[in-house]
Amino acid sequence: MAFFDNIAKNLTTMGKQASDKAKEVATITKLSTDIRREEQKIQDVYASIGKRVYEATKELPSAENVDDFNAIEDALLKIEKLQNELSLVRGKKECPNCGEMVAADSKFCNSCGEEIPEEAETEDDNSEESTEPAEDVVDPVEVEE
Ligand SMILES: [Zn+2]
């Protein structure tokens, strides 16, 4: 039964090739993962070096760093604004005096002692007005002319 022997031999060879291929794929995956892990370590160290340079020289950035430092400052300001928005959504409001976020039902600011004004809920009353076109809005560019 040479015919069936050959088939069996071919199947064995194909099976071995498939398992070699699977091993190869596993090795490639492992090596790629190891490379990415080491690259990530470098990125983390770069980040901490950058943070140290930023902290140490942010008051007087070198010419080559000034754009990057400005980008950090912009992002920090945006984060502060977004955190304030988040606080508002979570039921806090901003102290009109110092800008600190206080609980919505606070009478006075925890930080500076300023009285926190009660805000009347007027949004429902204005719902009719908001559907009308805002005709009396003056374009600020026209005012300057
Ligand atoms: Zn305050």
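**View 1. Helix α1 in the open.** Of the 56 residues of α1, the number buried is zero, so this helix lies largely in the open. A residue is buried if 20 or more other C-beta atoms lie within 10 Å of its own, exposed if 12 or fewer, and partly exposed in between, with C-beta atoms placed from the backbone. Helix α1 covers residues 2-57, and at 1.5 Å a residue it should span 82 Å; its end C-alpha atoms are 81 Å apart, which agrees. The expected span of a helix is 1.5 Å times one less than its number of residues. Helices (H or I, at least four residues) and strands (E, at least two) are DSSP runs, numbered from the N terminus.

Please keep in mind that this is a predicted model, in which local features need pLDDT of at least 70 and side-chain atom pairs count only at pLDDT 80 or more, while totals for chains, interfaces and linings use all residues. Residues are numbered from 1 along each chain as its sequence is written.

**View 2. Helix α2 and the glycine after it.** Like a bare rod to inspect, α2 is hardly covered: none of its 24 residues is buried. Those 24 residues should span 34 Å at 1.5 Å a residue, and the end C-alpha atoms are 35 Å apart, which agrees. G91 follows α2 and has a positive phi, near 90°.

**View 3. E100 and its contacts.** Look for E100 in the loop between β1 (92-94) and β2 (101-103). E100 counts as partly exposed because it has 15 C-beta neighbours inside 10 Å. Which residues does E100 contact, leaving aside its neighbours within four places in sequence? They are C95, C109, N110 and S111; two residues are in contact if their C-beta atoms, placed from the backbone, lie within 7 Å. From E100 to S111 is 11 residues in sequence and 6.8 Å in space, C-alpha to C-alpha.

**View 4. The whole chain and its confidence.** The protein chain has three helices and two strands, running α-α-β-β-α from the N terminus on. Buried residues make up 1% of its 145 residues. Among contacts between residues at least 6 apart in sequence, 0% join residues at least 24 apart. The mean pLDDT (the predictor's confidence in each residue, from 0 to 100) is 84, and 81% of residues reach 70 or more. Among the elements, α2 (residues 66-89) has the highest mean pLDDT, 94, and α3 (residues 140-144) the lowest, 53. Over residues 121-130, pLDDT stays under 50, and the model has zero contacts for them beyond four places in sequence.
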